[in-house]
Amino acid sequence: MTSTTRPGETALPQSTETERLDGAALVLGYLQARGQGQGSPAGPASVVDALLRRVQELEARLGELSTAEQQAQELARTVASLKAYNQQLQETIRTLEIGFRRHVSEQISPDQLRLSLAGEPDACPPPTSSQVESVDAAPEVDPGEASGPPPGSAGPPEHAGTVESSSGSDPGGGKPVKRHEHGRRRIGVIPRVIIESLPQEVLLKGLERFERVGAEDSSSIGYRRGGLLELVTRRLKYVAKAEAPAASSAAEEEPAPSPAAGPALNHERGEPLVVREHELSGIPADTSFKQSPFVDGVLVRYTPESDAAEDSGPVKIASLPERPIDRCLADPSLLAHLFVHKLDYHTPYYRQEVESDRHGFRIGRGNMTRWQYDCGGIAMRIADAIWSDALSRSWFAMDATGTAIRAKDKHRYGHVFVLVAPGDGVLFRYTPTYDGLTVAKLFGGYQGTLVADASANHNVLFGPGKAREAGCWSHARRRFFKAFKAGAGKEAAFALQTLQALFHVEEECALCSPDERLEIRQRESAPIIEKLFAWAEAQRQVVPEHSPLREGLVYLHNQREALCEFLSNGEIPIHNNASERALRRVVKGRRNWLFHGSDEHAVRSCAISSLIATCQMHGLDPELYLQEILTVAPSYPLSRILDLSPKNWVATRQRLIAEGRLKYLDMARITGSRLAFRDR
């Protein structure tokens, strides 16, 4: 078949033209057959009209499809933008949950449960205002929390300020040039005490055999109850009278003599108070104290084992007191005060900076952060030793929560684990991630009983030859509480009432021995649990898939073995509330100081928080404990570092006092305070 083309037209391929004619023939045959069936002839004109109408229908349909395609593309773009916006909202919600989530009471009165079981219509009244804690305003941002030295730095704090110098101004009449003052800035208007320290050899042989040839002063900032205090440690220099120079230039620079004994209460106004350390240092009558017996604060003095008692040279001079940070302006009394107020009272450093400025001497938040970083390295030695010791126990509890870490673009999130070992300590450990590998690294190899939440990240710890899992009945109860508030009514009320009976048994046997407690649990708690699980299995078959009650039923079904673990061990608790309460310290803190400056800062902050929380467990005054530890720990043997844990500190303190290496300077005696504690 040959194809004919008109002028200006492109000839179609033969195969294409053939297909086109075949298709037209088929359509023509179809229309002819249809026309014969209807009794009317189908001429060429009618065929063309039908084809035109069909083409018009197809074009209209094609236009509709094009419009639909455009609409689909617009919808796809809208869905993509909504997904991005939803992800942004999720990040915002997560940030708000870390900083502003509040605790909601989960208490339900027995009368309310009885009304629900009786089928009263008003059995589930809405929560009152007293049951829901109001959300406070957003906390202020502490920009100084992120400042700190790179790991390993332990240099002295910088106190250089800027002053305007008229002599350095531009001769052409420009702005005056700002010059930096070198060295430490002057101490502000705070009380000043000069503590004279004599060499040990001079004290033993007597002052009459030596001649004073000078002194060296070293200033630091301490803290007593009421505010800051400048402490000047004046180390007097002596030589034997036979070796004394004929004309000593130091005699002209010799300070005024101090009083022979006791505090100088009659010193002239405006002059510093001068006292002698050996005349005021002593020890409390009861060395086993836990709460501070010092009304006005205390200065701790420690003599290391390897420290020489005296200088072997001709000039005798006392050694400087032990300090946690070399060449640091802060005394351990001030460091302990700063750390406790931030990590226990949740006062950020920028607020403490304002407070110190009002006390007469401004301490920058950057310096406070560096001091915490350096002292956190000391606390890590003790916290790591307590952690290793706790992993050898037969059981302990653990949990985790999130915390924010400052980054370049936006905050990133890390995690703080808590380990609660009753009788030993409360320990915090920071990790950048929270997954099975991280949990295995922290607790891997432990083969005791671990009280924890039903997190999938913990599954790596449990199994044959590994730790045994003990569940938390408080977490099981929380799901039925939510179902009750959501309107589950009678079914949730039955579960809550049964769990109240279970917790009542635990309250009665709280003071019993582990063996007695186990016997009571098997006699009274076991029947209650069997009744609850039988009811839960029956309800699980009929409760709808997405109802609020089903979550609690599924939790009981999946965690049955872990929840029943307490029936075979009288030592472990039936809940993980101790870990939840310990993590409140982290949650309350992040609402105030908001974030850590880096991962290393978070690690060291957790070490100090561990010592403070463990002090609370053992009834110790955390501020006094930290002051003592920061004085003793820098030169204490690492092989016996566990002696400095809050659990062992009272016994260690008594031993150091008996050896004559630990003494105290009562600030009340130095300042002449007549205040005293009442007899307890």
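How many residues has helix 10, and what distance does it reach from its first C-alpha to its last? In this predicted model, select residues 473–485 to find out: helix 10 has 13 residues and reaches 19 Å, close to the 18 Å expected at 1.5 Å a residue.

**Helix 10 and its surroundings**

Keep helix 10 selected and display its side chains. The buried residues in this helix are Trp-473, Ser-474, His-475, Ala-476, Arg-477, Phe-480, Phe-481, Ala-483 and Phe-484. To see what they pack against, add helix 3 (110–118), helix 11 (490–508), helix 12 (514–540), helix 13 (548–558), helix 14 (560–563) and helix 15 (577–592). Then select Gly-487, just after helix 10, where phi is positive at about 105°.

**Asp-453**

Next, go to the loop between strand 13 (449–451) and strand 14 (468–470), where Asp-453 is found. Which side chain of opposite charge is nearest to Asp-453? It is Arg-478, 7.0 Å away; Asp-453 is buried yet has no salt bridge. Leaving out residues up to four places away in sequence, Asp-453 touches Asp-399, His-458, Glu-469, Cys-472, His-475, Asn-576 and Glu-580. One of these contacts, His-475, is among the buried residues of helix 10.

**The largest nonpolar core**

Now select Phe-339, Trp-371, Phe-428, Phe-443 and Trp-473, the residues with the most contacts inside the largest nonpolar core, which has 122 residues. Helix 8 (residues 365–390) supplies the largest share of this core, eleven residues. Apart from it lies another core, of eleven residues, including Ile-195, Leu-229, Leu-665 and Ile-670.

Centre the view on Phe-339. Beyond its neighbours within four places in sequence, Phe-339 is in contact with Asp-344, Tyr-349, Trp-371, Gln-372, Cys-375, Ile-608, Ile-612, Leu-626 and Leu-630.

**Along helix 8**

Follow helix 8 from end to end. Its 26 residues should span 38 Å at 1.5 Å a residue, and the 35 Å between its end C-alpha atoms agrees with this. Pause at Ala-379, where helix 8 bends by about 30°.

**Leu-334**

Finally, select Leu-334 in helix 6 (residues 332–343). Is Leu-334 buried or exposed? Its relative accessibility is 1%, so Leu-334 counts as buried. Setting aside neighbours within four places in sequence, Leu-334 is in contact with Ile-221, Gly-222, Tyr-223, Leu-228, Ile-363 and Trp-371. Add Ser-220 to the selection: Leu-334 and Ser-220 are 114 residues apart in sequence, and their C-alpha atoms are 9.5 Å apart in space.

Definitions and conventions: Residues are numbered from 1 along each chain as its sequence is written. This is a predicted model: local features need pLDDT of at least 70, side-chain atom pairs count only at pLDDT 80 or more; totals for chains, interfaces and linings use all residues. Side-chain values use heavy atoms; hydrogens and water are left out. A nonpolar core is a set of buried Ala, Val, Leu, Ile, Met, Phe, Trp, Tyr and Cys residues joined through side-chain atoms within 4.5 Å. Buried means under 20% relative accessible area, exposed over 50%, partly exposed in between (1.4 Å probe, protein chains only). Helices (H or I, at least four residues) and strands (E, at least two) are DSSP runs, numbered from the N terminus. Contact means heavy atoms within 4.5 Å. The expected span of a helix is 1.5 Å times one less than its number of residues. Lys and Arg count as positive and Asp and Glu as negative; His and the chain ends are not counted. A salt bridge is a side-chain nitrogen of Lys or Arg within 4 Å of a carboxyl oxygen of Asp or Glu. The bend at a residue is the angle between axes fitted to the seven residues ending there and the seven starting there.
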